[in-house]
Amino acid sequence: MDLTYKKKNFYEEANKGEIKKCFEFAEGYKDFINSAKTEREACEIIVEMAKKEGFKEYKFGDKILPHEKRYFVNRGKSVVLFRVNEKLENGLRILGAHIDSPRIDLKSNPMYEDNGFCFLKTQYYGGIKKYQWTTVPLSLHGVVVRRDGTSVKVSIGESENEPVFYINDLLPHLGQAQMTKTGDKIISGEQLNLVFGGMSSDDKDVKEKIKQNVLKILNEKYNITEEDFLSAELSAVPAMKARDVGLDRAFIAGYGHDDRSCAYPAVKALFEASDNSMAILVDKEEIGSEGTTGMKCKVYEDLLEEICKNFKANTRLVRANSKCLSADVESCYDPNFSDVFEPRNSAIISHGVAISKFSGTRGKSSGSDASAELVGIVRKIFSDNNITWQTADLGKVDGGGGGTIAKYVASLNIDTLDVGVPVISMHAPYELISKADLYSAYLAFKAFVCE
Ligand code: MN
Ligand code: MN
């Protein structure tokens, strides 16, 4: 009798049929991340997907019938899918993922002209290595609210015949001083300026002719002026499409695997879920879950209260009996950077969806630490359903740290455990995951909400 524990490689264990299903799932996922590049776009696409599955919109005050599939949209940036019945007090099964990803946001007054260029000033969103975001094709997404209160959606640079935008880096020939700097200073925040144009307008009386020409194009296309940038939300994101990686196509490179590689499987799992299940797709995780669309906002608690009120259920009892998987990506062991990982306790690529009992930095500070009992319950569900899964800690104990929405859900008296897809090059413009882990996440989430 073998008493030892060993992780399993999905690709080694799975039969041909399972691998086929895994690869098919990846195709749907690639389509999703190619069009869901911001939280607004992800929210819109998830609503479209939900409608096709028979979900109807819920607004505060609406009546909910048992077994009904409903979705709730919060300010166009976060969305909650749910289906409940009278047995609500036995608790909900909740999947919580985030649909925002690190990116380069525009400043409020971004446009200026300098020596042949028109640039846009930016401020980055989320924890990025700034130098990685230079010299890659970037597209511009978001919304502009005009002075008269009307608004216009913007998306430039996704289709092949549209232009992209660009952040310059220094040529190595003159990079001697730059290359002696530490990583966070190789490119400074104020150097993340977006190349936006370079042709002069023929207006004789205008001083900044390139800027004038760009403004003319914007005005023709979107009916906006420079002042309208003051009330806009525009983000530059990588314009690259998701691609298979490796001769055997085992992996996917793409923008925003953090955390859309968990959001997509969570949504797909919820479509097949039993009653009393919920998927919360939130915004602002990358900047600390703040604001009216982040997990810290009371809106999610309000929604739960309204649902309870509808079924005359005791909301305290519902929360106490509910369980949540905080579906967020995990750091993946990278053999090229083995010194920062502790291999026995790191997620290994293609070894399945990863459970993280705890997060935080140093002494688990500011993290979430799930109970052995909860891990036990989830472990049993995964094992009973033949899920390929593993445990994962972020890295070496004193190497750094991080957190997810888990602690905010847990603070509502809901037992919460971090479970997600291991990611290589997390927060880079083009991240890497394994199709095996993506598919395992879907199967794991499905098992959790179908129980
Ligand atoms: Mn994340
Ligand atoms: Mn992140």
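Where does Arg249 lie? Arg249 is in the loop between strand E12 (243–245) and strand E13 (251–254). Point 7 returns to this residue. The model is predicted.

1. **Domains.** The protein splits into two domains. Domain 1 covers 10–101 + 255–450. Domain 2 covers 103–238. Domain 1 is thus written as two segments, and domain 2 as one. The C-alpha centres of domain 1 and domain 2 lie 33 Å apart.

2. **Domain interface.** Here 18 residues of domain 1 are in contact with 15 residues of domain 2. The two domains bury about 1,400 Å² between them. Carbon and sulfur atoms account for 49% of that area. On the domain 1 side, Lys37, His427 and Pro429 supply 34% of the area buried against domain 2, more than any other three residues. One of these, His427, comes back in point 5 as a metal ligand.

3. **Polar side of the interface.** There are five salt bridges between domain 1 and domain 2. Glu44 forms a salt bridge with Lys153; their closest N and O atoms are 3.1 Å apart. Between the domains, 10 residue pairs are in polar contact, both residues being at pLDDT 80 or more. Helix H3 (residues 39–52) gives the largest share of the side of domain 1 that touches domain 2, with four residues. By type, that side of domain 1 divides into four nonpolar, four polar and 10 charged residues.

4. **First manganese ion.** What coordinates the manganese ion (ligand 1)? The donors are His98 through NE2, Asp258 through OD, and Asp328 through OD, with Asp328 listed twice. Distances run from 2.2 to 2.6 Å. Along the chain the donors follow the spacing H-x159-D-x69-D. His98 lies in strand E4 (residues 93–98), and Asp328 in the loop between strand E15 (323–327) and strand E16 (330–331), so this pair ties together parts 230 residues apart in sequence.

5. **Second manganese ion.** The manganese ion (ligand 2) is coordinated by Asp258 (OD), Glu286 (OE, listed twice) and His427 (NE2). Here the range is 2.0 to 2.5 Å. The donor residues are spaced D-x27-E-x140-H in sequence. Asp258 lies in helix H6 (residues 257–271), while His427 is in the loop between strand E22 (422–423) and strand E23 (431–434), so the pair ties together parts that are 169 residues apart in sequence.

6. **The shared ligand.** Which residue coordinates both manganese ions? Asp258 does, and the two ions are 3.4 Å apart. Asp258 has another feature to check: a cis peptide bond joins Asp258 and Asp259, with omega about 10°. Asp259 is also placed in helix H6.

7. **Backbone geometry.** Most residues other than glycine have a negative phi, and most peptide bonds are trans. Arg249 has a positive phi of about 60° although it is not a glycine. The cis bond between Asp258 and Asp259 belongs on the list of backbone features too.

8. **Asp393.** This residue is found in the loop between strand E19 (389–391) and strand E20 (401–402). Leaving out residues up to four places away in sequence, Asp393 touches Ser331, Asn345, Ser346, Ser356 and Phe358. Asp393 and Glu226 are 167 residues apart along the chain, and their C-alpha atoms are separated by 47 Å.

Key:
Residues are numbered from 1 along each chain as its sequence is written. Chains are lettered from A and ligands numbered from 1 in the order in which they are written. This is a predicted model: local features need pLDDT of at least 70, side-chain atom pairs count only at pLDDT 80 or more; totals for chains, interfaces and linings use all residues. Side-chain values use heavy atoms; hydrogens and water are left out. Domain bounds come from an automatic or database domain assignment. Contact means heavy atoms within 4.5 Å. Buried area is the accessible area (1.4 Å probe) that two parts lose on being put together, summed over both. A salt bridge is a side-chain nitrogen of Lys or Arg within 4 Å of a carboxyl oxygen of Asp or Glu. A polar contact is a pair of N or O atoms within 3.5 Å; within protein, one must be able to donate a hydrogen and the other to accept it, and residues adjacent in sequence count only if both atoms are side-chain atoms. Helices (H or I, at least four residues) and strands (E, at least two) are DSSP runs, numbered from the N terminus. Ala, Val, Leu, Ile, Met, Phe, Trp, Tyr, Cys and Pro count as nonpolar, Asp, Glu, Lys and Arg as charged, and the others, Gly among them, as polar. Donors are N, O and S atoms within 2.8 Å of the metal (3.2 Å for Na, K and Ca); water is not among the atoms, so sites may look incomplete.
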